[in-house]
Amino acid sequence: MIDQNALFIDGALSPAHAPERIEILSAATEEVIGRAPAADEDDVDAAVAAARRAFDDPRGWSAWSPDDRAAAIERLADELEARAPQLTELVSSQNGMPIAIAGTLESGLPATVYRYYANLIRTTELEQTRPGVLGGRAIVRQSPVGVVAAIVPWNYPNLVTALKVAPALAAGCTVVVKPSPETVLDSYVFAEAVAAANIPAGVVNIVPGRASTGSYLVSHRDVDKVTFTGSTTVGRQIAKTCGELLRPVTLELGGKSAAIILDDADLTANIEGLFQATLLNNGQTCVLNGRILVPRNRFDESLEVFAGLVNGAVIGDPLDPSTQVGPLVTDAHRNRVEAHIARAKDDGARVVAGGGRPAHLDRGWYVQPTLFSDVDPSSPLAQEEVFGPVLALMPYDDVGQAVQIANDSAYGLAGTVWTADEAHGIQIAEQIESGTVGVNYYMLDPVAPFGGIKASGLGRELGPEGLAACMRTHTTYLSTSA
């Protein structure tokens, strides 16, 4: 049992104003494993005020040289790596992520993201003088946008925190992070790392809480930018608030991506990559390909391969290194996933594998990885995000039809193409209406922008584009004479 009684605000753990407590449950045992304060409006006010002071200080974080900020960010990466085993175990215990992948995606990759932005800010040109076409000159300067509100989901809490905090810190912004109530405990380890890295007080503040906490933070008068990862429904509400305030916002929202298997693809050789693209983190990943499109002449073969993939996945304790599929994050979330499965059955889809709860596990919010065939491309199963280990295998007659089915979605976040001909795969990938597509592979990389189109969001994280999103542009016009 971990019992936290304070909030990380202005560089230290301070007593929470609110009496409300968040109970954090183990996804595998259903037992309470921790408690923490739920920040109220007074707590958010204190956190934003601390971030504002740290930003406005004429000798503070925003005034530090890029080299000095980069050195501090690298120290933060070092401190996170030193705490990797603790972070990994806490994340797996809270949200059910198999520890075999948590070590990479929730400890290793976040440190890589911080180091990437430390290096990037050292080499980014923040000011240039441009000769004008009308006879004058213009000085164009990039400066930090200000106080950033970062709202983080439960499925990849440390990785998504890094995607938001690393570019903000590199740019010279200060940050207020709101973790999800399902994954609060690891945020305290992150706070320890921030303090140990000697990041100045107020530069990073953390206010765990429920939806009301996030809503208040988004609308706070002293916040300059919002970045949110989560559901499309909540994203629309945040977009509306930020639109009314004319406040910049980055939204990374839901997805219902498709994997297009081309006729020449070797499924057996790509089985590991296909698992990662379809079932990673128990299906609780926004970029996963829940729709699998295969040539009609290879449908039976593909059905057998994917049934083997689903039936062969090791389901169990997320803290067991052999586990490939752990529990879902909460009982309520499992109920939602099971409702999708039940509705798909009612709609006439056929369960090929899975479809229930694993019989050998009497505790934890487990759902068997499930494979459907006979799925209508217009049905809810093919159109709505399930956010669980549920796949729909659908045939196509030609590649043009496959692209049309892939694009027939309200979302546009990710996708994959599987083929023996990479050049052909790239041609198909370019036809898919999506912010990102992988060919025989899918993994976010710090060097490249990530984000969606349509109902999958606005703006980009990662890459130089992620840094630019934390900057504002200022222009000074000059005459031709010096």
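This passage goes through the cores, cavities, a pocket and the aromatic pairs of a predicted model.

The nonpolar interior is a good place to start. The largest nonpolar core counts 99 residues, and the ones with the most contacts inside it are Leu 76, Val 113, Tyr 114, Tyr 117, Leu 169, Phe 190 and Ile 238. The top contributor to this core is helix 4, which puts in 11 residues. Phe 190, one of the residues with the most contacts in the core, touches Leu 76, Leu 80, Tyr 114, Thr 161, Val 165, Val 204 and Ile 206 once neighbours within four places in sequence are set aside. There is also a second, separate core, made of 28 residues, with Val 337, Val 367, Ala 382 and Val 439 among them.

The packing leaves some gaps. Searching the whole structure turns up 5 cavities of 30 Å³ or more. The largest cavity holds about 140 Å³ of space, and 20 residues line it, with Pro 157, Asn 158, Thr 161, Asp 186 and Phe 190 lying nearest its centre. Phe 190 thus shows up twice, in the largest core and in this lining. Helix 4 (99-123), helix 5 and helix 6 (185-196) each bring at least two residues to the wall of the largest cavity. Sorted by class, that wall comes out as 12 nonpolar, 6 polar and 2 charged residues.

Asn 158, also in the lining of the largest cavity, belongs to helix 5 (residues 157-171). Its relative accessible area is just 7%, under the 20% limit, so Asn 158 counts as buried. Leaving out residues up to four places away in sequence, Asn 158 is in touch with Leu 87, Val 91, Glu 106, Pro 110 and Asp 186. Of these partners, Asp 186 is also listed with the residues nearest the centre of the largest cavity.

The second largest cavity has a volume of about 120 Å³. It has 14 lining residues, and Gly 283, Leu 288, Gly 290, Phe 387 and Gly 388 sit closest to its centre. Its lining splits into 5 nonpolar, 7 polar and 2 charged residues.

Turning to open space, the second largest pocket comes in at about 380 Å³. Its lining has 19 residues, and Ile 101, Glu 272, Phe 275, Gln 276 and Leu 280 are nearest the centre. Helix 4 and helix 9 (271-279) are the elements that supply two or more residues here. Helix 9 gives the most, with 6 residues. By class, the lining of this pocket has 12 nonpolar, 6 polar and 1 charged residues.

That leaves the aromatic rings. The structure has 3 aromatic pairs. Trp 61 and Trp 64 make a tilted one, with 5.0 Å from centre to centre and 45° between the planes. The two partners sit in unlike surroundings: Trp 61 is buried at a relative accessible area of 1%, whereas Trp 64 is partly exposed at 26%. Another pair joins Tyr 116 and Tyr 117, whose ring centres are 4.9 Å apart; the planes stand at 80°, so this pair is edge-to-face. Tyr 116 counts as buried at 15% relative accessibility, and Tyr 117 is buried too, with a relative accessible area of 0%. Tyr 117 is also among the residues with the most contacts in the largest nonpolar core.

Methods. Residues are numbered from 1 along each chain as its sequence is written. This is a predicted model: local features need pLDDT of at least 70, side-chain atom pairs count only at pLDDT 80 or more; totals for chains, interfaces and linings use all residues. Side-chain values use heavy atoms; hydrogens and water are left out. Rings of Phe, Tyr and Trp (its six-membered ring) pair if their centres lie within 6.5 Å; planes under 30 degrees apart count as stacked, over 60 as edge-to-face and the rest as tilted. Buried means under 20% relative accessible area, exposed over 50%, partly exposed in between (1.4 Å probe, protein chains only). Helices (H or I, at least four residues) and strands (E, at least two) are DSSP runs, numbered from the N terminus. Contact means heavy atoms within 4.5 Å. On a 1 Å grid over the protein atoms alone, a cavity is a set of points where a 1.4 Å probe fits but cannot get out, and a pocket is an open set with protein on both sides within 12 Å along at least five of seven lines; lining residues have an atom within 4 Å of a point. Grid points are joined across faces, edges and corners, and a volume is the space filled by probe spheres set on the points. Ala, Val, Leu, Ile, Met, Phe, Trp, Tyr, Cys and Pro count as nonpolar, Asp, Glu, Lys and Arg as charged, and the others, Gly among them, as polar. A nonpolar core is a set of buried Ala, Val, Leu, Ile, Met, Phe, Trp, Tyr and Cys residues joined through side-chain atoms within 4.5 Å.
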